[in-house]
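Hi,

Here is the structure I promised to send over. Have a look at it first, and then read on for what turned up.

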Amino acid sequence: VLRVVNRLEVARGVPTILVPPLAFDFPGTEIEPLSKRYLQSFGHVGSLSFIIVMLTMVAGVAASPVLLARSGTTPGVYEARKSLGWAVLVAGIVVLTLSAAAVFLRFLFVDQLVGTVADHLPAWFATLRELGAASVDSKASLVALADIGFQRDAALFALPIAAGLPQALVYLALAGAVAAGLAAISAAITTLGAILSEDVLLGLADVGADDRARVGTARLATAGIALVVAWMAVAVPADPLQVFLWAAALSASVGFPALVLSVLWKRANGWGVLVGMASGFGSAAFFILLCETGALDLPSALAGFVGMPVAFAVTMVASLLTPAPARHVLELVRDMRVPGGETLYDREVRIERLKNIRRP
């Protein structure tokens, strides 16, 4: 199908667009024209920006707190690795399916719309125009690809409409998108609630291993975060794709240096990681602010390229200026690499319970 699309675009004069290496002109939420060839690698995103953003997304996902829940609910290290492997497999299938859907939709656009008389467009395109997902603005007798506008987020449910599939498949695609969004946001809210209750509230209060206090605090924290997220989704207008890119950049700047250095560098300590995380977040957030206000003529999605080196450098310097980790901390790091061992959280809870049982 890609070969057919390429031949059709060349035959019908679809242009090739050249952009600077640091360009990052992703389509927004509004309807935008289809202006470049599909197989052109760097038509809206520059080659250097593509590499930086891809590495940032990889680092951001690897350091995402959402993965903590998947690792913490398994009985051992081996099971945690297997669970994560299955998750990567399912996510890979989803990503490949989405890209395939875009290829098939592009083929239908080029094959059935480009070169057609503007007054005789297919019925499925009229349906997309009524839904506000597509448009055509042709002053010539024949429609060119640049005359066709399309909404970025409508590709998934537009394909079954354009292919003439039953309407039930359209609803199925929409239901799948809603389910994926709810699953992602629920995992993030649950993880943030657990971090807020376990590491912040209970950590400051020094409650210990009381299960009732832990569960109650986690429920309150999760409910509070859910309310804040719901308010932000309604009150703060934003492009979901742009927000995701910012989140990946912030996650990579905050968590990835701490993740790498805490496992691979024995000299890293808590103070160094804490200062490094704060500096990584601050530098990445400041870079985003400068780009969005126009003070810096660069795409804000490149914030991870600034935040990660800063976090790495500050973590190493701060760790060297503060006392080295204690012996039991190094033993914890060593135990992380034992495939058959129990998770560290489960072990700490078990030891704490044994201490409470032995107390008179």
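Let me start with the whole chain: of its 360 residues, 31% count as buried. Keep in mind that this is a predicted model. The chain has 13 helices and three strands, and its C-alpha trace spans about 90 × 45 × 40 Å along the principal axes. If you take the contacts between residues at least 6 apart in sequence, 70% of them join residues at least 24 apart.

Now for a helix pair you may want to bring up on screen. Helix α9 covers residues 240-264 and helix α10 covers residues 270-293; their axes come within 7 Å and cross at roughly 155 degrees. Anything over 145 degrees counts as roughly antiparallel, so that is what α9 is to α10. The crossing of α9 past α10 is right-handed.

Which residues of α9 and α10 make the contact? On the α9 side they are Q242, W246, L250, S253, V254 and A258. From α10 come V273, M277, G280, F281, A284, A285, I288 and E292. Sorted by type, the residues of this contact are 10 nonpolar, three polar and one charged.

On to the aromatics. The structure holds seven aromatic pairs, and I'll pick out two of them here.

One is F109 with F125, an edge-to-face pair at 6.2 Å centre to centre, with 80 degrees between the planes. F109 sits in helix α4 (residues 77-112) and F125 in helix α5 (residues 123-130), so the pair links distant parts of the chain, 16 residues apart. Are these two rings buried or exposed? Both F109 and F125 are buried. They also belong to one aromatic cluster, together with W124 and F150.

The other is F256 with F312, again edge-to-face, at 6.5 Å centre to centre and 85 degrees between the planes. Because F256 lies in helix α9 and F312 in helix α11 (residues 303-321), this pair ties together parts that are 56 residues apart in sequence. What about their accessibility? Buried means under 20% relative accessible area, so F256, at 23%, counts as partly exposed. F312 comes out as partly exposed too, with 22% relative accessibility.

So helix α9 turns up twice in this message: it packs its contact residues against α10, and through F256 it takes part in the pair with F312 of α11.

Cheers

Key
Residues are numbered from 1 along each chain as its sequence is written. This is a predicted model: local features need pLDDT of at least 70, side-chain atom pairs count only at pLDDT 80 or more; totals for chains, interfaces and linings use all residues. Side-chain values use heavy atoms; hydrogens and water are left out. Axes are lines fitted to C-alpha atoms, for helices over the stretch in contact, and angles run from 0 to 180 degrees between N-to-C directions. Helices (H or I, at least four residues) and strands (E, at least two) are DSSP runs, numbered from the N terminus. Angles under 35 degrees count as roughly parallel, over 145 as roughly antiparallel, 65 to 115 as roughly perpendicular and the rest as oblique. A crossing is left-handed if the near helix is turned anticlockwise from the far one by less than a right angle, and right-handed if clockwise. Contact means heavy atoms within 4.5 Å. Ala, Val, Leu, Ile, Met, Phe, Trp, Tyr, Cys and Pro count as nonpolar, Asp, Glu, Lys and Arg as charged, and the others, Gly among them, as polar. Rings of Phe, Tyr and Trp (its six-membered ring) pair if their centres lie within 6.5 Å; planes under 30 degrees apart count as stacked, over 60 as edge-to-face and the rest as tilted. Buried means under 20% relative accessible area, exposed over 50%, partly exposed in between (1.4 Å probe, protein chains only).
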